[in-house]
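Me: I am new to this structure and would like a close look at a single part of it. Could you pick one helix and walk me through its surroundings?

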Amino acid sequence: MGCRDDFSAGHVADFQGTLFGEEPALLAPERRHLAMGAWVDVQRNWLEHPDEVFDALVARVPWRAERREMWDKVVDVPRLLHTYHVGEPLPHPDLEHARAELSAHYLPELGEPFVTAGCCYYRDGRDSVAWHGDTIGRSRTEDTMVAIVSVGDPRRLMLRPRGGGPSISITMGHGDLVVMGGSCQRTWEHAVPKVAHAGPRLSVQFRPLNVF
């Protein structure tokens with residue numbers, strides 16, 4: 001299967017924080033229209049204080065390891081997880097602000113706010129997530145959005161059409177934002193593949209109600 005690295009940035013093996021503070025970026029993502037009514041927005045360096053958010057996620061989130069049945073056996077899920085449900089406070093005020101700003105910006109298209117925050121902790125290059133779409137709940141039959149904020153070492157987010165076709169690669173760096181919208185969860189799949197070498201990376205996925 002072919003791969004177009006349309007959004008890719010350089011990979012950095014060992015995560016290091018930013019050296020100087022930067023002014024927060026306005027929410028003005030670049031949109032790529034995909035096939036079958038799907039689209040993806042990308043904005044680099046969007047999060048205002050990514051170093052602080054990284055530290056807060058590592059220290060304050062009650063991370064859990066999961067096991068699940070795959071291929072007739074129970075295996076470890078290759079990443080740590082936690083979900084903040086509706087009304088639960090997030091571990092850093094910048095994440096509260098990010099969710100509010102995303103809700104306001106996308107309200108004309110989405111028609112509702114982002115209300116939950118799923119967190120993933122990729123400890124090194126061995127941690128990953130397999131090809132899937134967020135199709136539990138309303139996203140199985142309705143267009144929706146999932147907004148991902150990434151901090152830490154850059155990792156590739158891969159997307160491919162369901163049923164086959166060329167894939168695209170988006171390297172998510174420290175403080176970057178990616179929003180998958182339209183029919184993306186139903187008509188495309190996404191994954192974070194394993195890599196030979198990587199430092200820790202954390203992602204926060206903001207979702208509307210009843211989208212998993």
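Reply: Happy to: here is a walk along helix H2 and the residues around it, with a short look at the rest of the chain.

Please keep in mind that this is a predicted model. To set the scene, the protein chain has 212 residues, and buried residues make up 50% of them. Its secondary structure comes to three helices and 14 strands. Among contacts with a separation of 6 or more, 79% join residues 24 or more positions apart. The chain exposes about 10400 Å², with carbon and sulfur atoms supplying 54% of that area.

Now to the helix. H2 covers residues 93-110. Which of its residues are buried? They are Asp 94, Leu 95, Ala 98, Arg 99, Leu 102, Ser 103, Tyr 106 and Leu 110. That list holds charged residues such as Asp 94 and Arg 99 alongside leucines, so let us visit a few of its members in turn, beginning with Arg 99, which counts as buried because its relative accessibility is 11%, under the 20% cut-off.

What does Arg 99 contact, leaving aside its neighbours within four places in sequence? Its partners there are Glu 88, Leu 90, Phe 114, Val 115, Thr 116 and Phe 206. Keep Phe 114 in mind, as that residue will come back. Ser 103, also in H2, is buried with a relative accessible area of 11%. Not counting residues up to four places away, Ser 103 touches Pro 113 and Phe 114. Phe 114 therefore appears in the contacts of Arg 99 and in those of Ser 103, and Phe 114 is itself buried, at 3% relative accessible area.

Moving along the helix, you reach a bend. H2 turns by about 35 degrees at Ala 104, and a proline, Pro 108, follows within four residues. Just after the helix, Gly 111 takes a positive phi of about 80 degrees.

Tyr 106 brings us to the aromatic rings. The count of aromatic pairs in the structure is three. In one of them, the ring centres of Trp 39 and Tyr 106 are 6.3 Å apart and the planes meet at 15 degrees; planes under 30 degrees apart count as stacked, so this pair is stacked. The two partners come from distant parts of the chain: Trp 39 sits in strand S3 (residues 38-43) and Tyr 106 in helix H2, 67 residues apart. Are these two residues buried or exposed? Trp 39 is buried at 7% relative accessibility, and Tyr 106 is buried at 0%.

Tyr 106 has another ring partner, and here Phe 114 returns. Tyr 106 and Phe 114 form an edge-to-face pair, with 6.5 Å from centre to centre and 90 degrees between the planes. Taken together, ring pairs link Trp 39, Tyr 106 and Phe 114 into a cluster.

A charged residue joins the picture at Trp 39. Arg 31 lies over the face of Trp 39, at 3.5 Å from the ring centre. Arg 31 is also linked with Asp 41 and Glu 109 in a network of salt bridges. Since H2 spans residues 93-110 and S3 spans residues 38-43, Glu 109 falls within the helix and Asp 41 within the strand.

How many salt bridges does the structure hold? There are 13, and a few elsewhere in the chain are worth a glance. Arg 160 pairs with Glu 189, their closest N and O atoms being 3.0 Å apart. Because Arg 160 lies in strand S10 (residues 155-161) and Glu 189 in strand S13 (residues 188-192), this bridge ties together parts 29 residues apart in sequence. Arg 160 is partly exposed at 22% relative accessibility, whereas Glu 189 is buried at 15%.

Another salt bridge joins the side chains of Glu 66 and Arg 64, at 2.8 Å from N to O. Glu 66 is partly exposed at 23% relative accessibility, and Arg 64 is partly exposed too, at 34%. Asp 124 and Arg 126 also meet in a salt bridge, with 2.7 Å from N to O; Arg 126 counts as exposed at 61%.

To return to the helix where we began: Tyr 106 is the H2 residue to find in the viewer, as ring pairs link it with Trp 39 and Phe 114.

Definitions and conventions:
Residues are numbered from 1 along each chain as its sequence is written. This is a predicted model: local features need pLDDT of at least 70, side-chain atom pairs count only at pLDDT 80 or more; totals for chains, interfaces and linings use all residues. Side-chain values use heavy atoms; hydrogens and water are left out. Rings of Phe, Tyr and Trp (its six-membered ring) pair if their centres lie within 6.5 Å; planes under 30 degrees apart count as stacked, over 60 as edge-to-face and the rest as tilted. Helices (H or I, at least four residues) and strands (E, at least two) are DSSP runs, numbered from the N terminus. Buried means under 20% relative accessible area, exposed over 50%, partly exposed in between (1.4 Å probe, protein chains only). A charge sits over a ring if NZ of Lys or CZ of Arg is within 6 Å of the ring centre and within 35 degrees of the ring normal. The bend at a residue is the angle between axes fitted to the seven residues ending there and the seven starting there. A salt bridge is a side-chain nitrogen of Lys or Arg within 4 Å of a carboxyl oxygen of Asp or Glu. Contact means heavy atoms within 4.5 Å. Accessible areas come from the Shrake-Rupley method with a 1.4 Å probe; for residues, only the protein chains shown count as cover.
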